[in-house]
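Biologist: Please take one strand and go through it closely: what it pairs with, what covers it, and where it sits in the whole. I am new to this structure, so explain each term when it comes up.

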Amino acid sequence: MADWRQVLHLEPPQGWLNDPNGLCFFHGLYHVFFQYAPDSTDGRTPKGWGHWQSPDLLHWTFTGSTLLPDTPWDCSGAYSGCAVPCGDVLRLYYTGNVKHPGPHDYTHTGRDSNTLLAETPDGIRTGPKRRLMANADYPADCSLHVRDPKVWREAQAWYLLLGARSLQDAGRALLYRSRDGLAWTLARVLEPRPAFGYMWECPDGFRLDGRRWLSVCPQGLPHGETENQNRYQSGYFGLDGDWETGTLTAFAEWDKGFDFYAPQTLRTPDGRTLLIGWMGMPDADYRNPTAALGWQHCLTLPRELTAGPGGLCQRPARELDALAEGAPLDLPAGSTHTLPLPFRLRMTAPGDFALTLADGVQFERSGGLLALRFRDEALGGGRTIRRARCGGPLTLDLVADRSSLEFYADGGATVFSTRFYPADPRISLSVQGADAAVQTLRPMHFVLS
Ligand code: FRU
């Protein structure tokens, strides 16, 4: 019997989930908000913010909807945004989306993109909503697509980033500065020339390893054999210099798999930077059969970021190590086993290798290309193949949940994430060309309050 309810990943109890929002640690708890439409599994009803909280990233409580699309400023959706601790409250900055009825294209007419603020003492109850900016406050050469505020404090200043599409169809991030986090002045427009996609969603600015980084989700990049293989992309630029004057370096994708978008970072109390993404892809043509069961989509594991020689590396947050159960089981090259999900597999492959799961999904290397390939249409819900370049000995850390796989290859320099839908929660595992070791994992603890 299929059992696709995740046991290591945050899902909506029912309905639809997309982007993670408002990631933070506040008053002793991690808060993970997300784009949530409880009444539909297809994401077509107006979204609000759902809320999970946890003291340790392992025990999670779902508290319901924190923000609803219930004012004239956000009636078509309380869209993505962030949370910033400020004294005794959390400030939630987000986009109020309004679509006016009529013959509109919703890019040049018919849409309001309001930058809104609501305060909450606990991530659950919120005070009145305030409008901080409207379309008339954004640069005149922006289309009506301006959204997804990410706010942080640095030195004496507050900064706010918004993702946008210009009237010339170029993706850009608007950087604003403020003294109080309420009144904002445009500091700069970050926009590569020539244009890098027609729209940027969900910008995030963070500091790591003495450097500033800008994460964005560009839409409209050309697709290649190993680059930009998804409908929309998600990746980061380094910034040489500071926010207001620094120059953007080359773009690197966060994840080479089928299902990854709209990630956001947060700082842990001990100074680590974690990244959480939506394990999904907007407007993709693959299927997620949980929709027929009443819910769709999940978030990725929280991933620790570190700076490596070629860019940023990701690994599952170390808190997850506590879920390992029993001694690791050796899977020598050439062997096949059947194992219950969830599990974690580690492997070092000197050369070409192939790892086959559930008789239909393969992670392999040959001819300098790493590939994640579905050989079974039902198992992948229409997902086919994703590739990345890779040379030298390869390390792999794979976390397999009931309906997802996250492959952290090459010390986390190359990650592939995908949903998969095995018919049975015990799956076969066979490995060629390398020895692997596998450990079963205990489920996380999820409570609906
Ligand atoms: C990204 C996105 C955001 C928007 C939100 C709406 O997936 O399109 O730009 O705020 O989803 O749910």
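Modeller: Two strands are said to pair if DSSP finds at least two bridges between them. Strands themselves are DSSP runs of E with at least two residues, helices are runs of H or I with at least four residues, and both are numbered from the N terminus. This is a predicted model, in which local features need pLDDT of at least 70 and side-chain atom pairs count only at pLDDT 80 or more, while totals for chains, interfaces and linings use all residues. Residues are numbered from 1 along each chain as its sequence is written, and side-chain values use heavy atoms, with hydrogens and water left out.

The strand I take is β26, residues 361–366. Five of its six residues are buried, so β26 is largely enclosed by the rest of the structure. Buried means under 20% relative accessible area, exposed means over 50%, and partly exposed lies in between, with a 1.4 Å probe and protein chains only.

On one side of the sequence comes strand β25 (residues 353–357), which runs antiparallel to β26 and is joined to it by five bridges. Within this pair, Leu 355 stands opposite Phe 363. The two strands form a hairpin with three residues between them, and Ala 358 in the turn has a positive phi of about 50°.

On the other side comes strand β27 (residues 369–374), again antiparallel to β26, with six bridges. Here Gln 362 of β26 faces Arg 373 of β27. This hairpin has two residues between its strands, and Gly 367 in the turn has a positive phi of about 55°. As a general point, strands of a sheet pair through backbone hydrogen bonds, either parallel or antiparallel.

Next, the core. Phe 363 is among the residues that touch the most other members of the largest nonpolar core, together with Phe 343, Leu 345, Leu 357 and Phe 407. That core has 72 residues, and it draws at least three from each of domain 1 (15–318) and domain 2 (326–448). A nonpolar core is a set of buried Ala, Val, Leu, Ile, Met, Phe, Trp, Tyr and Cys residues joined through side-chain atoms within 4.5 Å. In soluble globular proteins, nonpolar side chains tend to be buried together.

Leu 357 shows what one such member touches. Leaving out residues up to four places away in sequence, Leu 357 touches Phe 343, Leu 379, Leu 398, Leu 405, Phe 407, Ile 427, Ser 428 and Leu 429, where contact means heavy atoms within 4.5 Å. A second, separate core has 18 residues, including Leu 117, Leu 160, Leu 174 and Trp 184.

Phe 343 and Leu 345 lead to another strand. Strand β24 covers residues 343–349 and pairs with β33 (residues 436–441) in the antiparallel sense over five bridges. One of these bridges links Arg 344 to Gln 439 in β33. Both strands belong to an open sheet of six, in the order β22-β33-β24-β29-β30-β31, with antiparallel pairing. Its edges are β22 (324–331) and β31 (414–419), each of which pairs on one side only. Neighbouring strands of this sheet are turned by 15° against each other on average, direction ignored; the axes are lines fitted to C-alpha atoms, for helices over the stretch in contact, and angles run from 0 to 180 degrees between N-to-C directions.

Finally, the surroundings. The chain is divided into domain 1 (15–318) and domain 2 (326–448), with bounds that come from an automatic or database domain assignment. The C-alpha centres of the two domains lie 29 Å apart, and 33 residues of domain 1 are in contact with 34 residues of domain 2.

In total, the chain has one helix and 34 strands. Of its 449 residues, 61% count as buried. A compact globule with 449 residues would have a radius of gyration near 22 Å, and the 21 Å of the chain agrees with this. The radius of gyration is taken over C-alpha atoms, and the globule rule is 2.2 Å times the number of residues to the power 0.38. Along its principal axes, the C-alpha trace spans about 65 × 45 × 45 Å. Among contacts between residues at least 6 apart in sequence, 59% join residues at least 24 apart.
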